[in-house]
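Trainee: Can we go through this model together? I'd like to know what stands behind the words people use for it.

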Amino acid sequence: MKTNVKKLTIAALMLAVCIASMFLKNTSVFITGPIVNTCLMLTAISCGLGYGLILSAVTPVLSFFITGSPVIAAIPLMMVMIAIGNAILVFFVWLCAVRLHRPKNRNVRIVAGGVIGSCVKAAFMWASISHWLLPMYLPEKLQKMLPVLQAQFSTTQLITALIGTVLTVIIWQALKRAGTLPEE
């Protein structure tokens, strides 16, 4: 299979996994979040920054349509901020795992990119969503949820992205051994 077709196939599969996981959102954000973050990181590493950024932008919109979040319905700009947060994570993972070549061990680079990206993503979402959008635009009827929502869009984002980093390294190794990734 040609490399571009293989990359497109992998990115489409990662999007399908993201969509399937969104149906579990009401189960736990600690299931859905790591799965989506893992798919974003695997896409960036195996398919490139462009595919990772596309998934970063598409997943919050699809999540809204699948889960119908009343908070995002009230503040649609949150989708943009989530997409930017996802893009931050993808960029740092791609930068460390693909563009940088030191250290030689790619697992170390994936972990470094994942940890840096997770922290920057969480900080961005903490500032933009938890401390700007939610306090300013959350409707009165949802105000009692503010502390929970603020944690969800800061601390929870950090935790789910870090779990996603661990899953990414594990799955990356399995895919490498199976020989199913595009050539570097």
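Mentor: Let's take the words one by one, starting with the ground rules. This is a predicted model, where local features need pLDDT of at least 70, side-chain atom pairs count only at pLDDT 80 or more, and totals for chains, interfaces and linings use all residues. Residues are numbered from 1 along each chain as its sequence is written, and side-chain values use heavy atoms, with hydrogens and water left out.

Trainee: Why is threonine 38 called buried?

Mentor: Buried means under 20% relative accessible area (1.4 Å probe, protein chains only), with exposed over 50% and partly exposed in between. Threonine 38 has 4%, so it counts as buried.

Trainee: What makes the link between threonine 38 and glycine 164 a polar contact?

Mentor: The term needs a pair of N or O atoms within 3.5 Å; within protein, one must be able to donate a hydrogen and the other to accept it, and residues adjacent in sequence count only if both atoms are side-chain atoms. Here the threonine 38 side chain reaches the backbone oxygen of glycine 164 at 3.2 Å, so the distance fits the cut-off of 3.5 Å.

Trainee: Which residues is threonine 38 in contact with, leaving aside its neighbours within four places in sequence?

Mentor: Contact means heavy atoms within 4.5 Å. On that count, threonine 38 is in contact with Gly164, Leu167, Thr168 and Ile171, leaving aside those neighbours.

Trainee: And which residues touch the most other members of the largest nonpolar core?

Mentor: Met14, Ile45 and Ile110, out of 23 residues. A nonpolar core is a set of buried Ala, Val, Leu, Ile, Met, Phe, Trp, Tyr and Cys residues joined through side-chain atoms within 4.5 Å. Apart from it lies another core of 17 residues, including Met81 and Leu138.
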